[in-house]
Amino acid sequence: MRLSELDPLIPLTELREELLKLPKGYSFYEEELVDFLSRRRWPESNRRIDRTTFWRWRNDNGIEHHKVFSRLDILKLCQICDHYRVDGTRSEYLAIIKKKKEVVLNK
């Protein structure tokens, strides 16, 4: 499967289901992921997410620097992409991530 085959605005739950159909260990390359995220972020234009933004999104989600991404990485990056598409701020997103980590630690 290629990400380019999917509707860029596919809901995260449906995207997760599509990704789960793939074989364990299946991964995607950075270029394909950036193309998908760019179409998801700005569906009505040909704008492209720049490298600095992509690296920041990876760092904010604790994704290590690499050129190949897992299914979970894709879901995390789509989540942050959706947050910014609806005019969310970085501080709001970091607060959401921090809160999720606290919930996990308190269980």
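D82 and R85 pair up in a salt bridge, with their closest N and O atoms 3.0 Å apart. Both residues sit in helix α4, which covers residues 71-85, and they are three residues apart, or about one turn of the helix. Keep in mind that this is a predicted model. From here, we can look at the other charged pairs and then at how α4 packs against two other helices.

**The D82–R85 pair up close**

- D82 has a relative accessible area of 16%, so it counts as buried, the cut-off being under 20%.
- Its partner R85 comes out at 29% relative accessibility, so R85 is partly exposed.
- D82 turns up again below, as one of the α4 residues that meet α1.

**Other salt bridges**

- How many salt bridges does the count come to? The total is ten, and a few of them are picked out here.
- E30 and R58 join their side chains in a salt bridge, at 4.0 Å from N to O.
- That pair ties together distant parts of the chain: E30 belongs to helix α2 (residues 30-41) and R58 to helix α3 (residues 51-60), with their positions 28 residues apart.
- Are E30 and R58 buried or exposed? E30 is buried, at a relative accessible area of 6%, and R58 is buried as well, at 3%.
- E30 and R58 also belong to a wider network of salt bridges, which links them with R51 and K67.
- R48 and E31 make another salt bridge through their side chains, at 2.6 Å from N to O.
- This one also links distant parts of the chain, 17 residues apart: R48 is in the loop between α2 and α3, while E31 is in helix α2.
- Both partners are partly exposed, with R48 at 42% relative accessibility and E31 at 49%.
- As for the general idea, side chains of opposite charge can pair when their charged atoms come close.

**Where α1 meets α4**

- Helix α1 runs over residues 12-20, and its axis comes within 10 Å of the α4 axis.
- The two axes cross at roughly 165°, and because that is over 145 degrees, α1 is roughly antiparallel to α4.
- Which way does α1 pass α4, left-handed or right-handed? The crossing is right-handed.
- On the α1 side, the residues in contact are L12, L15, R16, L19 and L20.
- On the α4 side, they are R71, I74, L75, C78, Q79 and D82.
- Sorted by class, the residues of this α1–α4 contact are seven nonpolar, one polar and three charged.

**Where α4 meets α5**

- Helix α5 takes in residues 90-106, and the axes of α4 and α5 come within 10 Å.
- These axes cross at roughly 140°, so α4 is oblique to α5.
- The crossing of α4 and α5 is right-handed.
- α4 brings K76, Q79, I80, H83 and Y84 to this contact.
- From α5, the residues that meet them are R90, E92, Y93, I96 and K100.
- By class, the α4–α5 contact has four nonpolar, two polar and four charged residues.
- Q79 is listed on the α4 side in the contact with α1 and also in the contact with α5.

Note on methods
Residues are numbered from 1 along each chain as its sequence is written. This is a predicted model: local features need pLDDT of at least 70, side-chain atom pairs count only at pLDDT 80 or more; totals for chains, interfaces and linings use all residues. Side-chain values use heavy atoms; hydrogens and water are left out. Helices (H or I, at least four residues) and strands (E, at least two) are DSSP runs, numbered from the N terminus. Buried means under 20% relative accessible area, exposed over 50%, partly exposed in between (1.4 Å probe, protein chains only). Axes are lines fitted to C-alpha atoms, for helices over the stretch in contact, and angles run from 0 to 180 degrees between N-to-C directions. Angles under 35 degrees count as roughly parallel, over 145 as roughly antiparallel, 65 to 115 as roughly perpendicular and the rest as oblique. A crossing is left-handed if the near helix is turned anticlockwise from the far one by less than a right angle, and right-handed if clockwise. Contact means heavy atoms within 4.5 Å. Ala, Val, Leu, Ile, Met, Phe, Trp, Tyr, Cys and Pro count as nonpolar, Asp, Glu, Lys and Arg as charged, and the others, Gly among them, as polar.
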